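Got the viewer open? Let's take a short walk through this one, selecting as we go.

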Amino acid sequence: MQASDRQPGIDFSLVIPCFNESESLRELYRQISAVLQRMQMSYEIIFVDDGSTDASARVIEELHRQDSRVKLIEFIRNYGKSAALAAGFRAVSGRYVVTMDSDLQDDPEEIPHLLAKLESGYDLVSGWKKVRHDPLSKRLASKVYNYFTSVFSGIRLHDFNCGLKIYRREVIASMRVYGELHRYLPVIAFRNGFRVTELPVRHHPRKYGVSKFGMARFARGAFDLMTISFLTRYKMRPLHLFGVIGFLCFLGGFFITVLLAYERLFANKYLSNRPLLFLGVLLIIVGVQFFSIGLLGEMITSLRKESDAFLVRRCIGCPDKFPGAAEDHFFAA
């Protein structure tokens with residue numbers, strides 16, 4: 001996004017994904033408005049309806065009629081939180097971007113504290129639900145997930161997946177969010193060179209609806225962490241990864257075959273019953289294949305044009321960000 005796209009005078013853009021949370025949306029809007037008006041900040045609230053099957057879109061549309069600062073991006077179906085955040089990030093106009101969940105478990109009263117921490121010298125401040133009001137199974141799974149993410153990512157945070165975060169706008173402009181990478185936004189920002197920290201925030205018990213949490217998310221999360229590690233380190237230089245692996249395999253196979261050739265020529269040992277011969281040949285072949293994969297990756301990197309993958313049914317309040325969607329035409333991002 002270019003600086004010229006920004007609406008003058010907007011301090012805060014709040015991006016709030018929602019999926020079947022119609023009961024909580026009005027109350028959440030009132031809480032957010034009260035906090036930001038008390039801060040005397042200009043703002044916009046961008047709700048992204050991720051294919052809800054309840055009245056969520058209708059409630060947000062009513063809020064928009066009451067307050068033009070409320071905007072709606074409605075997906076044609078459920079794409080997941082990452083796509084919802086990507087669409088919201090595309091539409092923001094403010095200097096600061098706040099993300100939060102729509103289930104009332106995140107507290108808007110924490111926004112001033114997050115802003116103060118951000119202004120102390122950071123680019124992204126992630127909330128840390130130090131005291132969580134979730135089932136024990138979810139808390140334990142979250143501890144395991146956060147520990148391994150912290151170890152493998154190189155950034156020490158207690159709560160990577162907290163929905164309540166504040167960003168400088170440059171941070172979200174540097175990130176491409178897809179799949180289920182929303183769990184690793186602090187990791188992406190950190191690897192992009194931004195200053196990342198966390199701040200303990202209040203966490204409330206769920207008031208309406210049911211949690212969308214599932215254990216399958218953690219299996220997918222492990223693969224997403226590998227994806228992030230690969231993309232942030234080797235996205236533009238895949239040969240540096242596959243080439244090193246290929247070189248080590250080729251080198252190992254080369255030394256094995258040289259040793260066996262010496263034994264055959266000078267020690268008169270037969271090789272037909274030596275499994276080591278097959279290992280040496282295999283390592284050489286695998287090494288060449290890894291080199292080939294790395295070279296193909298370099299070619300793809302030079303040609304690939306990235307694109308997001310979601311369809312917007314309509315956009316109320318931000319038609320310039322999704323042209324055509326305001327007239328109920330689908331917008332393929």
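Start with Asn20: does it count as buried, partly exposed or exposed, and at what relative accessibility? Asn20 counts as partly exposed, because its relative accessibility is 25% and the buried class ends under 20%. Keep in mind that what you're looking at is a predicted model. To place this residue, show the loop between β1 (12-18) and α1 (22-38), where Asn20 lies. Then check the backbone: phi of Asn20 is near 55°, a positive value in a residue other than glycine.

Now hop to Leu104, in the loop between β4 (96-99) and α4 (111-118). Here too is a residue that is not a glycine with a positive phi, this one about 70°. Is Leu104 buried or exposed? At 6% relative accessibility, Leu104 counts as buried.

**Next stop: a strand on the inside**

Select residues 70-75, which make up strand β3. All six of the six residues are buried, so β3 is largely enclosed by the rest of the structure. Color the side chains by direction: Val70, Leu72 and Glu74 point one way, while Lys71, Ile73 and Phe75 point the other way. That is the usual pattern, since side chains in a regular strand alternate between the two faces of the sheet. Note that Glu74 and Lys71 are on the buried list as well.

Add strand β2 (residues 43-49), which runs parallel to β3 and is joined to it by five bridges. For one pair to zoom in on, take Ile46, whose bridge partner in β3 is Lys71. To see how the chain gets across, follow it from β2 through helix α2 (residues 56-66) to β3; this β-α-β crossover is right-handed.

Then bring in strand β8 (residues 311-316), which pairs with β3 in the antiparallel sense over four bridges. Look for Ile73, which stands opposite Cys315 in β8.

**Last stop: a cavity**

How many cavities of 30 Å³ or more does the structure hold? Just one, and the volume of the largest cavity is about 70 Å³. To outline it, select Lys81, Leu85, Thr99, Met100, Asp101, Asn161, Cys162, Gly163, Lys165, Tyr167, His182 and Leu185, which line this largest cavity. Highlight α3 (81-91) and β6 (165-168) too, as each supplies at least two residues of the lining. Color the lining by class and you get five nonpolar, four polar and three charged residues.

Technical notes: Residues numbered from 1 in each chain as written. Predicted model: local features only at pLDDT ≥ 70, side-chain atom pairs only at ≥ 80, totals over all residues. Heavy atoms only, no water. 1 Å grid on protein atoms, 1.4 Å probe; cavity = no way out; pocket = protein on both sides within 12 Å on 5 of 7 lines; lining within 4 Å. Points joined across faces, edges and corners; volume = space filled by probe spheres on them. Nonpolar A, V, L, I, M, F, W, Y, C, P; charged D, E, K, R; others polar. Buried < 20%, exposed > 50% of the residue type's maximum accessible area, 1.4 Å probe, protein only. Pairing = 2+ DSSP bridges. Right-handed = clockwise from strand over helix to strand, strands pointing away.
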